[in-house]
Amino acid sequence: MTSEERRKGRRERREAERKKKHEDYIRKYNDFNLVLDLDNLKAAYRKSRRGVAWKESVQRYDLFLMSNLAETKQKLARGESISKGFVEFDIHERGKMRHIRSVHISERVVQKCLCDNVLTPLMTRSLIYDNGASIKNKGIHFAMNRLRCHLSRFYRENGNNNGYALVIDFSKYFDNILHEKLFGMQKKNITDERIFELYKSFVTVFGDGISLGLGSQVSQISAISYPNKLDHYCKEVLRVRYYGRYMDDTYLIHKDKKHLEYCLTEIKRICDELGIKLNPKKTCIVPLDEGFWFLKGKYILLPSGKIVCKAKRDGIIRMKRKLKSFKKKYDLGLMPKEDVYTSYQSFRSHLLHFDSYYLVKNMDNFYKGLFHEENITGGSDYERRYKKCLLSDKGRCSHSSYRFVGYENYGRYQCT
């Protein structure tokens, strides 16, 4: 046996092992009994009710929980439809009008059970590491940290900031997803016919052959995996090492502007195949020293290698307007101070992920002026550096000694 024949034999054995491993993994999750299992349905309900347990529809469903779950199991086993229509409403999110089609709690339980036990393991296995939207242990801050990591590695590799970033934004992404293309992609992973028919029933209700709806977990996981072909093409064929995507926002970092122009041409070709439309106003090539926008932050790579990330001013203006409206509701007794505090701390904690020390201080002063607060707390690194007292039930504390109370109390300092 020659050396070439031995290498060929080893390659064939490796490919056979990989194929068998992939088939075993697909077979493990293509089991309709995972959706019919009452324990899985109950666990899905517990997750679905988080944050909405105050709603009347959820409380009515919880009143006869086991009988409702048993009825859902019987309908699924018979192949009957469990859809009860949508609750449609509009919301303003970061200055944009979004139309939401929310499903009933009984349907949401089935979607949660289907996604957690079948769809998510099957669809996310082939995703690239730098796809960070709506995946466990990832999220918006993961994507932001990966971008900082890519910029830092680019500087260490080239020794300067002479590079470019191709920023891509999909226009009306959810509205342009083609059902036929989506089903063709997922048919390779979903081999169980009953699971596939249930999946199709959750997708087709949003449009006649096109579009997915906001407010559905099935739509969310489908939208994450839909441009997976584009992600692998950019990483493996175009060889763009510093690439990342968060749902419909994408960036590519490279030292050669002409290569990014070629990448943009290829990306447009693939997007045309998938039916995805690019936003011409937000899709552009920008020098790294001038900075580019990604996830509401402007990232600038300085000649020294320092990475500066500035928060967008629009969010600051909207939060100030929101606090003013909260003040009016608080004075009229329509809104408790705890809800105002929680809303502001959520915004403030996100703001601390940017280079915004003085911006946070200015916002704190604005909040104090409205609500006459002496101490602004939140359990973040900002508070831990300055050791604010967290005894909110006793008002302002005059103690001078503090101790760290550990992660069971959110890692905060407490006066002794």
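In which loop is the place of Ser211? Ser211 lies in the loop between helix 9, residues 193-204, and helix 10. I shall return to this serine after an overview of the chain. Please keep in mind throughout that the model is predicted.

Let me begin with the chain as a whole. It has 416 residues, of which 42% count as buried. Its secondary structure comprises 16 helices and 11 strands. If we take contacts between residues at least 6 apart in sequence, 65% of them join residues at least 24 apart. The chain exposes about 23,500 Å², and carbon and sulfur atoms supply 49% of that area.

Next, the cysteines. A disulfide is a covalent bond between the sulfur atoms of two cysteines. A search of the whole structure finds zero disulfides. Two cysteines may serve to illustrate their surroundings. Cys309 is buried, because its relative accessible area is 0%. Cys149, at 24% relative accessibility, counts as partly exposed.

I turn now to a pair of packed helices. Such a pair is described by the angle between the two axes and the distance between them. Helix 4, residues 56-63, packs against helix 6, residues 105-124, at an angle of about 75 degrees, and their axes are 10 Å apart. Helix 4 is therefore roughly perpendicular to helix 6. Which residues meet in this contact? From helix 4 come Ser57, Val58 and Tyr61, and from helix 6 come Ile105, Ser106 and Val109. By character, the residues of this contact divide into four nonpolar, two polar and no charged.

Further along the chain is helix 11, residues 228-237. Its buried residues are Asn228, Leu230, Asp231, Tyr233 and Cys234. What covers them includes two helices, helix 10 (217-225) and helix 12 (257-274), together with strand 4 (242-246) and strand 5 (249-254). Helix 11 is followed by Arg239, which has a positive phi near 60 degrees.

That brings us to backbone angles. Most residues other than glycine have a negative phi. Ser134 is not a glycine, yet its phi is positive, at about 55 degrees. Ser134 is found in the loop between helix 6 and helix 7, the latter spanning 140-158. Is Ser134 buried or partly exposed? With a relative accessible area of 42%, Ser134 is partly exposed.

Finally, we return to Ser211. Ser211 also has a positive phi, of about 85 degrees, although it is not a glycine. Ser211 counts as buried, because its relative accessibility is 10% and the cut-off for burial is under 20%. What is Ser211 in contact with, leaving aside its neighbours within four places in sequence? The partners are Arg101, Phe174, Asp175, Ile177, His179, Val203 and Phe206. In addition, the C-alpha atoms of Ser211 and Leu178 are separated by 6.4 Å, although these two residues are 33 residues apart along the chain.

To close, I would set the two serines side by side. Ser134, in the loop between helix 6 and helix 7, is partly exposed. Ser211, in the loop between helix 9 and helix 10, is buried. Thank you for your attention.

Key:
Residues are numbered from 1 along each chain as its sequence is written. This is a predicted model: local features need pLDDT of at least 70, side-chain atom pairs count only at pLDDT 80 or more; totals for chains, interfaces and linings use all residues. Side-chain values use heavy atoms; hydrogens and water are left out. Axes are lines fitted to C-alpha atoms, for helices over the stretch in contact, and angles run from 0 to 180 degrees between N-to-C directions. Helices (H or I, at least four residues) and strands (E, at least two) are DSSP runs, numbered from the N terminus. Angles under 35 degrees count as roughly parallel, over 145 as roughly antiparallel, 65 to 115 as roughly perpendicular and the rest as oblique. Contact means heavy atoms within 4.5 Å. Ala, Val, Leu, Ile, Met, Phe, Trp, Tyr, Cys and Pro count as nonpolar, Asp, Glu, Lys and Arg as charged, and the others, Gly among them, as polar. Buried means under 20% relative accessible area, exposed over 50%, partly exposed in between (1.4 Å probe, protein chains only). Accessible areas come from the Shrake-Rupley method with a 1.4 Å probe; for residues, only the protein chains shown count as cover. A disulfide is a pair of cysteine sulfur atoms within 2.5 Å.
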